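Trainee: Could you take me slowly through one part of this model, starting from a single loop residue and working outwards? I'd like to see how that part sits within the rest of the chain.

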Amino acid sequence: MSLMRITSPHARAARSTASVMLLVAAATLPGVMALSWCFGPGVLINIALAVITAVVCEAAIVRLRQRPLGFYLGDYSALVTALLLGIALPPFAPWWLPVVGSTIAIVLAKHLYGGLGYNPFNPAMVAYVTLLISFPVAMTQWTAPLALLSADSESMSLGVALSQVFSGAGSLDGHTMATPLDLFKQNSTLPVVDLYQHEPMFAAAALAGAGWEWVNLGFLLGGLFLLYKQVISWHAPIAMLLSLSLCALCFYDAGSANSGGSPLFHLLSGGTMLGAFFIITDPVTSAVSKRGRLIFGAAIGALIYMIRSWGNYPDAVAFSVLLMNFAAPFIDYYTLPRTYGHSKPRRATEATD
């Protein structure tokens, strides 16, 4: 007679918050490496400044709240928030931009609501949108891909980057270029085929602009790692990417001058993969149930396309995420999961015993 161990169907070998955060940080490495390779070391400076500021702000707030410092710093949530913000900022941004942004993320968007688990909005995206609205010039100074700078690419060394970030020495005007999303937004005369042939940004790349497709593929690789490790579920990322692709396909119109870009262009441009696997999968600010995450992700994908194509901000990931953070409790209310022991999900309007 064999013995069978009986356990609760809800028993799980749970990961600690710290281990999850470290896995998320590790998963960003391919994307960060691609960013550094294609756009220079500015992104590393952004990340360093944002992380240092976040840790200092986290420690100060925890002390003011008279909470154990080691416990709260040891969950590494501040590190991940700052890391995601540093990645999203333009390379070679002035030093105060990641400092101000990281302060906003930790102090206002996180601890003002009570800390980790109580914030209704993604802190990194709150900081990004605040900076974009407050400092639009600094936030749109994206460095041209190094592949398009020819001999000038050697001038984008770490020393030159540090000098530019901290003292403003020199000018980035000769090294900046519109992003692929900006170019599609501004284009009103050239068909897509001609745009790819005559615009250096597209002539040097196959699908989504020099450098950008490699960056998005890097974050896609990191996202697949998180799925493999079961740190995140597939529902929100896949729903977002499918929704964005479907919208792009419906309005592609065979590549006229008014086209918003092909599905592959949208998938590999801007912060698409970063948003899909590292932003909208935040367990605190997204929907809870599987069905809710599908709706949450699909709505974000549709909003990204609408804002990119018809709004004022070409890369719309941050705005779309914050809008759906508003809607997440509403989605949860009407997508309650099935209670264990029942055959159907309980309706939100159904009275409880």
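Mentor: Happy to. Let's begin with F92, which counts as buried because its relative accessible area is 3%; buried means under 20% relative accessible area, exposed over 50%, and partly exposed in between, using a 1.4 Å probe and protein chains only. Please keep in mind that this is a predicted model, in which local features need pLDDT of at least 70 and side-chain atom pairs count only at pLDDT 80 or more, while totals for chains, interfaces and linings use all residues. Residues are numbered from 1 along each chain as its sequence is written, and side-chain values use heavy atoms, with hydrogens and water left out.

F92 sits in the loop between helix 5 and helix 6 (96-108). Helices here are DSSP runs of H or I with at least four residues, strands are runs of E with at least two, and both are numbered from the N terminus. The backbone at F92 deserves a look as well: its phi is near 65°, a positive value in a residue other than glycine. For a contrast in exposure, try Q230, in the loop between helix 13 (212-228) and helix 14 (235-250). Its phi is near 60°, again positive in a residue other than glycine, but Q230 is exposed, because its relative accessible area is 67%.

Back beside our loop, P98 is in helix 6 and counts as buried at 0% relative accessibility. Leaving out residues up to four places away in sequence, P98 touches N46, L49, A50, L85 and L89, a contact being heavy atoms within 4.5 Å. P98 also lies 10.0 Å from I87, C-alpha to C-alpha, with their positions 11 residues apart in sequence.

L85 leads us into helix 5. Helix 5 (residues 77-88) and helix 7 (residues 123-134) have axes that come within 8 Å and cross at roughly 35°; axes are lines fitted to C-alpha atoms, for helices over the stretch in contact, and angles run from 0 to 180 degrees between N-to-C directions. This crossing is right-handed, which means that the near helix is turned clockwise from the far one by less than a right angle, whereas anticlockwise would make it left-handed. On the helix 5 side, T81, L84, L85 and A88 meet P123, A124, A127 and Y128 of helix 7. By class, that contact has seven nonpolar residues, one polar and no charged ones. For these classes, Ala, Val, Leu, Ile, Met, Phe, Trp, Tyr, Cys and Pro are nonpolar, Asp, Glu, Lys and Arg are charged, and the others, Gly among them, are polar.

Another residue touching this part of the chain is T28, in the loop between helix 1 (17-27) and helix 2 (29-39). T28 is buried at 2% relative accessible area, and beyond its neighbours within four places in sequence it contacts L83, L84, I87, F219 and F278.

Three of those names return in the largest nonpolar core: of its 90 residues, I87, Y128, F219, F278, F296 and I300 touch the most other members. Such a core is a set of buried Ala, Val, Leu, Ile, Met, Phe, Trp, Tyr and Cys residues joined through side-chain atoms within 4.5 Å. Domain 1 (16-177) and domain 2 (182-335) both contribute residues, so this core lies between them; the domain bounds come from an automatic or database domain assignment. I300, for its part, contacts M240, I280, S320, V321 and M324, leaving aside neighbours within four places in sequence. And where does F92 itself belong? F92 is in a second, separate core of five residues, which also includes I45, L49 and V165. L49, you'll recall, is one of the residues that P98 touches.

To place this part in context, the chain has 18 helices and zero strands. Of its 353 residues, 50% are buried. Among contacts between residues at least 6 apart in sequence, 73% join residues at least 24 apart.
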